[in-house]
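Visitor: I would like to understand the labels people put on residues in a model. Could you walk me through the reasoning behind them?

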Amino acid sequence: MTLTIAREGNIAVVTVDNPPVNALSQPLRQALVETVAHLDADPGTEAVVLLCAGRTFIAGADVSEFGKAPEPPHLPDVVAAIEAARTPWIAAIHGSALGGGLEIALGCAWRVAVPSASLGLPEVKLGLVPGAGGTARLPRLIGVEAAVDMITSGNPVRAAKAEELGLVDAIVEGDLRSQAIAFAREALAKPRPMPISARPVPAVAADFWPSVEKGVASKAKGEAAPLRALSCIRKTTEADFADAMAHERETFLALRQSAEAAALRHVFFSERAAARPPELAGVTPRSIASAAVIGGGTMGAGIVAALRDAGLPVVLIERDQAAVERGLTNVRAIFEGSVKRGRMAADIAKARMAGVTGSDDYARLADTDLVIEAVFEDLSVKRAVFARLSEVCRPDAILATNTSYLDPEAISEGLAHPERFLGLHFFSPAHVMKLLEIVPTKSTAPDVLSTGFSLAAKLAKIPVRAGICDGFIGNRILKVTRAQAERLLLSGATPSAVDAAMRAFGMPMGPFEAQDLGGLDIAAFQRKAARERGETPFAPVADRLCGLERLGQKSGGGWYDYQAGDRTPRPSETVAAVIAQAAAGISQRTFTQAEIADAIVLPMVNEAARILEERVALRSADIDLVKIHGYGFPRWRGGPMHYAEARGLREVVHVLERLATEGLVDLPCDGLRRAAAAGGFAVLVEERAT
Ligand code: NAI
């Protein structure tokens, strides 16, 4: 870390250089406090420009300090020192001013930013609230409503929006340093603005808090930090600055120790680690400058959109001209939907679409770097596609399948140059969902595997390597989730009770609502295939519902009844009768929400332990990422593995044993018992290494 001071006449330019993101580590906090005192003592300095070297302004706290006791000088004191300085400070922002970085900027008299800068208080994303005056100063500067939005969502705003909100005083084009100095010179001719901490808090309407609390609670889905942040902002409107600061600091310090913050930190670090698996260190990925997708249905269209969003030109291949048109229409609908929702400018959507070439001629793929297959889930159809690709593609082109359940080894049988083949399993909708399961076969070359990870980075997705088994990591666990949900029905729980319990656990949707939305036919099709393989999938109620053509919302009813044009799930007498029939002879009881969640989540953990043992997942954190980014597992619980470890694996084993005596779950597997005895899942990974 270095902090340098340069002089431009009566202006001092303080440059912070603390790679990679100028995080507010203790040495930097110390240096800033000392610099304030040093420059205040210098009569030749009349203003200070605070600038950062490298790719960004101060992008936040030093996350590695989070698990430790805070060390002085504390950030609120640093911000207060800057705000109270004799010489006004000007924050010159490029890259991101996030968290403590923005709080420092709020201590400055003025803020200028380049157009590409973004500013935000993302603390809630780590289970925290801003800890250095963010909730006390931001409402004073931009108003309570806008501050509530920024702080409780944690989402940053771009420079233009920040200017509109009054968060930055000017957007400067060109060289930030010289523009900020020019701004400082002009600013010195004007009166110095009142420190933000001394300004009044704008008033809010009488009914503001109840409605906002309701909105924030519903979005938070059980997560504590957004509501705690809201209480800090409310305190700002009701108390003086010092009291609001004290409340904020107290909340911040309490949340730092919370299980929720620990879970969110675990996810944060796991996500960063996922992009760079150690086993691929030093393996250079192949370069991908062009892509093609075979099949323009639900998944194909979404994958095309994701590739276009990453700037790659894409060829979309379909069976015939009519199917090409349908595929292109599917892709267009995705971009148009983004425009309608205000997420994309119309001209950008047009440019994205212009980069998609539809064709039914495989010869178009002669020079394509990467081809992703997303045709029907049928082994012979997929094999025929790869046979064609073998003929037309360059031998070094990477060929990938998006299969959900088929065996990639079987799909790639007979492929020329099988080392360039792998599974790239996207999740629906593919342009939105962050998860990408990367599935190598025995033949996949390391640089091809590595390209899967670099592609994920390009697509802004979270890559997780998965071994081959039915459903890979995510869908294999999903089968357990669904089977357990049905098991509960047979013992007396209703679909709405199960769904409500899982929502209370933090899932965006319960397992039955989710099936009604996606359609019950996909899973029925997989069960049929499994039965043909001699397996005995468990879905006594779902099988009966499919027999009645109750396939979900699309058929007007599934686990629930629906009225025409209304997606509200209504408990169904037909379904109740089907459940009663399937449950004949099984003893019935009532369940608490916690018991329901245990009977679903803990068997997922049990299956995950097997997945780790079998090396289908390399790390337990990978399983957490899969369930969070592909299946809506609450991020603030850290994923199923973190949740189980935080709760205590012995307790998990104990609860499973108890539920097993009632026939509600299977007994814990050996791997889970060994992990419990060892105090964590790491032992399952270590065992494999020896
Ligand atoms: P879909 O039925 O919506 O689309 C399949 C498309 O492939 C159709 O447009 C069809 O015309 C085209 N197609 C079929 N044979 C072709 C051929 N020989 N050449 C070119 N195009 C051909 O199916 P969906 O849902 O998009 O699934 C595609 C693949 O993605 C399947 O393997 C599926 O298991 C997998 N998948 C599906 C997910 C989902 O949620 N729907 C999630 C993840 C993977």
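**Labels and the reasons for them**

Guide: Happy to! This is a predicted model, and we can start with glutamate 657, which is partly exposed at a relative accessible area of 29%.

Visitor: Why is glutamate 657 called partly exposed?

Guide: Buried means under 20% and exposed means over 50%. Glutamate 657 has 29%, so it falls in between and is partly exposed.

Visitor: What makes arginine 673 and glutamate 657 a salt bridge?

Guide: The closest N and O atoms of the two are 2.5 Å apart. The cut-off is 4 Å, so the pair qualifies as a salt bridge. Arginine 673 sits in helix 28 and glutamate 657 in helix 27, 16 residues apart.

Visitor: How do you know that glutamate 513 is buried or exposed?

Guide: Its relative accessibility is 12%. Buried means under 20%, so glutamate 513 counts as buried. Glutamate 513 forms a salt bridge with arginine 503, with the closest N and O atoms 2.8 Å apart. The pair links helix 20, which holds glutamate 513, to helix 19, which holds arginine 503.

Visitor: And what is arginine 503 called at 37% relative accessibility?

Guide: Since 37% lies between the limits of 20% and 50%, arginine 503 counts as partly exposed.

Visitor: Why is aspartate 367 called exposed?

Guide: Aspartate 367 has 56% relative accessibility, and exposed means over 50%, so the label fits. Aspartate 367 forms a salt bridge with arginine 394, the closest N and O atoms being 2.8 Å apart. Both partners lie in loops, so this pair ties together parts that are 27 residues apart in sequence.

Visitor: What makes the contact between asparagine 18 and alanine 23 a polar one?

Guide: A polar atom of the asparagine 18 side chain lies 2.7 Å from the backbone oxygen of alanine 23. The limit is 3.5 Å, so the distance is within it. Asparagine 18 is also buried, because its relative accessible area of 11% is under 20%. Among the residues it touches are Met1 and Leu28.

Visitor: How do you know that glutamate 318 makes a polar contact with the ligand?

Guide: A polar side-chain atom of glutamate 318 lies 2.5 Å from an oxygen atom of the ligand. With a limit of 3.5 Å, that pair therefore counts. Arginine 319, at 3.0 Å, and asparagine 402, at 2.9 Å, each have a polar side-chain atom that meets the limit of 3.5 Å too. The protein covers 79% of the 830 Å² of accessible area that the ligand has on its own.

Technical notes. Residues are numbered from 1 along each chain as its sequence is written. This is a predicted model: local features need pLDDT of at least 70, side-chain atom pairs count only at pLDDT 80 or more; totals for chains, interfaces and linings use all residues. Side-chain values use heavy atoms; hydrogens and water are left out. Buried means under 20% relative accessible area, exposed over 50%, partly exposed in between (1.4 Å probe, protein chains only). A polar contact is a pair of N or O atoms within 3.5 Å; within protein, one must be able to donate a hydrogen and the other to accept it, and residues adjacent in sequence count only if both atoms are side-chain atoms. Contact means heavy atoms within 4.5 Å. Accessible areas come from the Shrake-Rupley method with a 1.4 Å probe; for residues, only the protein chains shown count as cover. A salt bridge is a side-chain nitrogen of Lys or Arg within 4 Å of a carboxyl oxygen of Asp or Glu. Helices (H or I, at least four residues) and strands (E, at least two) are DSSP runs, numbered from the N terminus. Lists of a residue's contacts leave out its neighbours within four places in sequence.
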